[in-house]
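Student: I would like to learn how to read the fold of a single chain from its coordinates. Could we go through the features one at a time, with the general idea before the case?

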Amino acid sequence: MTAPTEPEMLSKEDSDKLAKSRRGRSIALALVLGALAIVFYALTIVKMGPGVFNRPL
Amino acid sequence: MALVDDNLTAAGVAMEGEVSDYLALLKPRVMSLVVFTAAAGLLVAPGPIHPFVAAIAILCIAVGAGASGALNMWYDADIDAIMSRTRNRPIPSGRLDRQTALMFGLVLSVFSVALLGLAANWFAAGLLAFTIFFYAVIYTMWLKRATPQNIVIGGAAGAFPPMVGWAAVTGNISLDSVVLFLIIFLWTPPHFWALALYKQSDYAAAGIPMMPNVAGERSTRNQILVYAILLSLASLLPLATGLTGWVYAVPAIGLGLVFSGLAFKLWRAPAEQMKRNARELFTFSLLYLFALFLALVADVGIARFLEMIS
C-alpha cells in the first residue's frame, strides 16, 4: 500500500499572489456591502420622507 | 496542517480569480449600451420619478444585464474557448471556474430584481427578471446553438432595457416603449450579422449556426439590407406616436439614410471588399444607436423645457 501523496504546495510567490487577490476581493465585497447599506438607507428616506423617524417608540 | 491550507495547491490558485475577472463576467461593454438605452427609456417616459430612485433603477438594470452576461459565460464556456474573440474570457482562460460564475450571476440577478422592485415598482422588476430569463435561458441555452435566427430572437433581450427604464417611471408598458423596443430589436440583426460576416470562421469553428455559415454570405447581405431599411423606417415611429418632434426627426432621418446606405454598399460589394464593408457597417451601427437615443432624449428634454418656461 502506498502512502497518500502530499498535494503539491504553493511557492512563496504564488502564496503571496493568492493572498493579494483574496484581499482585493474582500475589499471589493466590503465596498459593495457598504454601498448597499447606504442605498437602502437613502431609499428609505426618499420613499418615506423624514417622517420615518416620527413615530412612537 | 490547518484544513483550509489544503486548498493551497497549485491547481486551486488559478480558480479563485481577481476582482477584474468578476467585472469581466458582467460584460462591461454590453452593459454600457444597456445603461445608455435604459437611461433613455427612463428619461423620455412621462411622469415624475425621484432622481435617486432613477439612478438606482438604472443601476439595477445594469447589474441585471451584467448578471445575464455572467450566466451566459457560465453556460457558454465551451464555445467561448474556441472563438478568438472570447478565448480570453475569465472561464475559458482558467481564471475562474464555471460554478463561481453561475453563483455570481444568480446572486446578482436576485439582488438587482429585488432592489428594482423595492426602489421603483414590481412591474419594472418583473420585466427585468423576464429580460434576464430571456437572455440566459431562451437565448443562451436554447436558440443560440439551435437556429440561425438566434440573433433575431436573442436581440429581443437587448431591446428590453429601455422598456424596463420606462416601466420604472410609469409602472406599465405603452405604445411608445414598444416602439423603443422595436428600434433596438430591428437594429440587432444587421449589427450582429455584420460582425458575423467578418468573424464567420470563428463561429463556424465553434459550431454556432450564425447566418453567414448557414444561409451563406449572399443571403446574409440581403437580410442585412432588409433589416436596415426596416430599422430606418421604425426609427421614425416616435414621430408618429407623438413622442418626439423635429429635433429627433432630422438626425433620425440622416442616421437612417447612412445606415441603409452602408448596408446597400455591403449588399453590392465585391467579395474581396465584403469584410471591410461589413466592419464599416458594424462600427457605424454602434454610433447609430448611440446617436439615435441621444437625439430622442434631447428632443423630449427640449420639449419639456419649452413647456416649462412657456
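Tutor: Let us begin with the radius of gyration, which is taken over C-alpha atoms, the globule rule being 2.2 Å times the number of residues to the power 0.38. This is a predicted model, in which local features need pLDDT of at least 70 and side-chain atom pairs count only at pLDDT 80 or more, whereas totals for chains, interfaces and linings use all residues. Residues are numbered from 1 along each chain as its sequence is written, chains are lettered from A and ligands numbered from 1 in the order in which they are written, and side-chain values use heavy atoms, with hydrogens and water left out.

Student: What radius of gyration does chain B have, and what would a compact globule have?

Tutor: Chain B has 21 Å, which agrees with the value near 19 Å for a compact globule of 310 residues. Along its principal axes, the C-alpha trace of chain B spans about 75 × 55 × 25 Å.

Student: How many helices and strands are there in chain B?

Tutor: Helices (H or I, at least four residues) and strands (E, at least two) are DSSP runs, numbered from the N terminus; chain B has 15 helices and zero strands.

Student: Into which domains is chain B divided?

Tutor: Domain bounds come from an automatic or database domain assignment, and here they give domain 1 (18-171) and domain 2 (174-310). Their C-alpha centres lie 21 Å apart. Taking contact as heavy atoms within 4.5 Å, 31 residues of domain 1 of chain B are in contact with 35 residues of domain 2 of chain B.

Student: Which residues have the most contacts inside the largest nonpolar core?

Tutor: Such a core is a set of buried Ala, Val, Leu, Ile, Met, Phe, Trp, Tyr and Cys residues joined through side-chain atoms within 4.5 Å, where buried means under 20% relative accessible area (1.4 Å probe, protein chains only). The largest has 101 residues, and those with the most contacts inside it are Leu116(B), Phe259(B), Leu281(B), Tyr288(B) and Phe293(B). Helix H10 (residues 175-198) of chain B gives the largest share, 13 residues, and at least three residues come from each of domain 1 and domain 2 of chain B.

Student: Where does helix H7 of chain B bend?

Tutor: The bend at a residue is the angle between axes fitted to the seven residues ending there and the seven starting there; H7 (residues 122-143) of chain B bends by about 30° at Phe134(B). Among the buried residues of H7(B) are Phe134(B), Leu127(B) and Ile138(B).

Terms used:
Buried means under 20% relative accessible area, exposed over 50%, partly exposed in between (1.4 Å probe, protein chains only).
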